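The exercises below are meant to be worked with the sequence and the coordinates at hand. Each task is followed by a stepwise solution.

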Amino acid sequence: MSILDCQGQQSAVLRLQRALRGRRVPHSYIFYGPEGVGKSLLARQWAKLLLCPKPVRRPLTTMKDAGAADHNLDEIDDCCDQCRDCRMVEAGTHPDLHIINRDLARFTSLKRARQLINLPIDVIREFVIKPAGIVPTRGRARIFIIEESETMSQASQNALLKTLEEPPPGTFLILITSRPERFLPTVQSRCQSVRFGPLPYTFIHKRLTATGVPAEQVRYWADFCNGRLGPALELAQLNLYEKKCQLIRQLAGLNYYSALDVAAWIVDQAKEFARSYQKQRQEPSTDDTKKPGPTKKKGGRSRESGQPLTSPTRLGQTYFLQMLSHAFSEALRFHGQQEQGKPQSVNPESARQIAQIAQKYSPWACAKAVRATAHTEGLLQANVNPSLLFESLMIEYLRVES
Ligand SMILES: [Zn+2]
């Protein structure tokens, strides 16, 4: 794999390339944008290029075909993808590439047992600041990719300031985030920011089709995921389409008698999702006793490379919330299209139920339901009891119904 395989994010790729060509590569980057659009993927390929002793130039043809923005580069610098360093990066075993995330909290001197919401200061001190001062093992560079870096506590961000401003020679830091506004201004000002936009609908459509997903599902997931390839692939592979249809049927028929049952059904389905998710990855539900080995570097890997950073159950609950929100967005779209003449659904198997939801909910009520769902998602991330949250949400849907 190489930088040319990072499709759909040409402007980010070209921005990095121009810095490299001008020999002014910043030591600290912030890669920001929605989840699942390739930030971690490009960070790893960028690290691979910086660590490769025999980089090559490749024509940009592939990216031009993918619709690259205006640029003045015909070739890009890329890793050779063959040397030992490249192979080690690909295998996750390169000693100079450090992937940092919250899971590492279990392996600091404090040995925190519990799943954390924040990336604590001991992780930053022990896994970033300390190794950053050591000469790279293989001589070329030492690179730190900090996943979900917006979860760094204020203390962690302050501790990192000096390393961000004056990193030791050959040290590069990439802060990956979907919430850059959570950084302290002092962190933002010390880094170059690279924006990642949502991937084009056609690109996601093509990728899903290539994996053999049925056409009606491709249309739904490509629209549902709104430019995020990671979740689109994940959801299509986990065969959640039938559950989505069941969810929308229940939403269309929601009343005060069924509200609590629907909430309980969603909580159960999220647990089932977690089981399938873990089974697909053939990993145990907890591995608190397992230390990171010298390979698969200290700490977990990102979802884009196969493992979740949040618990699978939480992920399932979040997806069900997003499906509810999407159903109301579709009902809102139905209202708009009805005014113009002919409603067209990206969700043909649930079109009748979406029309029913649109009949029950005015555009204003749909918007309120979407807002209530987003609020619930925020509370879920803050560890509020999921059963209570889904029950309250169903009651709120009935309250805003017009
Ligand atoms: Zn190489």
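What percentage of the 402 residues of the protein chain count as buried? The answer is 51%. The model is a predicted one. Its protein chain has 16 helices and seven strands. Of the contacts with a separation of 6 or more, 76% join residues 24 or more positions apart.

**Exercise 1. The zinc site**

Task: identify the donors of the zinc ion and classify their arrangement.

Step 1. List the donors. The SG atoms of Cys 52, Cys 80, Cys 83 and Cys 86 coordinate the zinc ion at 2.3 to 2.4 Å.

Step 2. Check the angles. Four donors count as tetrahedral if all angles lie between 85 and 135 degrees. The four donor atoms here subtend angles of 103 to 119°, so the arrangement is tetrahedral. For reference, the ideal angle for four tetrahedral donors is 109.5 degrees.

Step 3. Read the spacing along the chain. The donors follow C-x27-C-x2-C-x2-C. Cys 52 sits in the loop between α2 (39–51) and β2 (56–59), and Cys 80 in the loop between β3 (75–78) and α4 (84–91), so this pair ties together parts that are 28 residues apart in sequence.

Step 4. Check the exposure. Cys 52 and Cys 80 are both buried.

**Exercise 2. The open sheet**

Task: give the strand order of the five-stranded open sheet and state which strands stand at its edges.

Step 1. Write the order. The strands run β4-β5-β6-β1-β7, with parallel pairing.

Step 2. Find the edges. β4 and β7 (192–195) each have a single partner strand, so one side of each is left without a neighbour in the sheet. On average, neighbouring strands of this sheet are turned by 20° against each other, direction ignored.

Step 3. Follow the pairings. β4 and β5 are joined in the parallel sense over four bridges, with His 98 opposite Phe 144 of β5. β5 and β6 pair over five bridges, also in the parallel sense, and Phe 144 stands opposite Leu 173 of β6. Five bridges link β1 (residues 28–32) to β6 in the parallel sense. In that pairing Leu 173 of β6 is the bridge partner of Ser 28.

Step 4. Sort the side chains of β5. In a regular strand, side chains alternate between the two faces of the sheet. In β5, Arg 142, Phe 144 and Ile 146 point one way, Ile 143 and Ile 145 the other way, and all are buried. Five of the five residues of β5 are buried, so the strand is largely enclosed by the rest of the structure.

**Exercise 3. Two helices and their surroundings**

Task: describe the length and burial of α2, then name the elements that cover the buried residues of α5.

Step 1. Test the length of α2. At 1.5 Å a residue, its 13 residues should span 18 Å, and the end C-alpha atoms are 18 Å apart, which agrees.

Step 2. Assess its burial. Twelve of the 13 residues of α2 are buried, so the helix is largely enclosed by the rest of the structure. Among them are Lys 39, Arg 44, Trp 46 and Lys 48.

Step 3. Turn to α5 (residues 121–132). Its buried residues include Val 123, Ile 124, Phe 127 and Val 128. The cover over the buried residues of α5 includes β4 (97–100), β5 (142–146), α6 (154–165) and β6 (171–177).

**Exercise 4. Three single residues**

Task: classify Gln 317, Arg 23 and Asn 383 as buried, partly exposed or exposed, and place each in the chain.

Step 1. Gln 317 lies in helix α13 (residues 312–340). Its relative accessible area is 5%, so Gln 317 is buried. Not counting residues up to four places away in sequence, Gln 317 touches Ala 270, Leu 380, Pro 386 and Phe 390. The C-alpha atoms of Gln 317 and Ala 274 are 9.2 Å apart, with these positions 43 residues apart along the chain.

Step 2. Arg 23 belongs to the loop between α1 (10–21) and β1. Its relative accessibility is 79%, so Arg 23 counts as exposed. The phi of Arg 23 is near 55°, a positive value in a residue other than glycine.

Step 3. Asn 383 is in the loop between α15 (363–381) and α16 (386–400). With a relative accessible area of 46%, Asn 383 is partly exposed. Its phi is near 70°, again positive in a residue other than glycine.

Methods
Residues numbered from 1 in each chain as written. Predicted model: local features only at pLDDT ≥ 70, side-chain atom pairs only at ≥ 80, totals over all residues. Heavy atoms only, no water. Donors = N, O, S within 2.8 Å, 3.2 Å for Na, K, Ca; no water. Tetrahedral: all angles 85-135°; square planar, octahedral: opposite > 155°, others 65-115°. Helix = DSSP H or I, 4+ residues; strand = E, 2+ residues; numbered from the N terminus. Buried < 20%, exposed > 50% of the residue type's maximum accessible area, 1.4 Å probe, protein only. Contact = heavy atoms within 4.5 Å. Pairing = 2+ DSSP bridges. Axes fitted to C-alpha atoms, helices over the stretch in contact; angles between N-to-C directions. Expected span 1.5 Å × (residues − 1).
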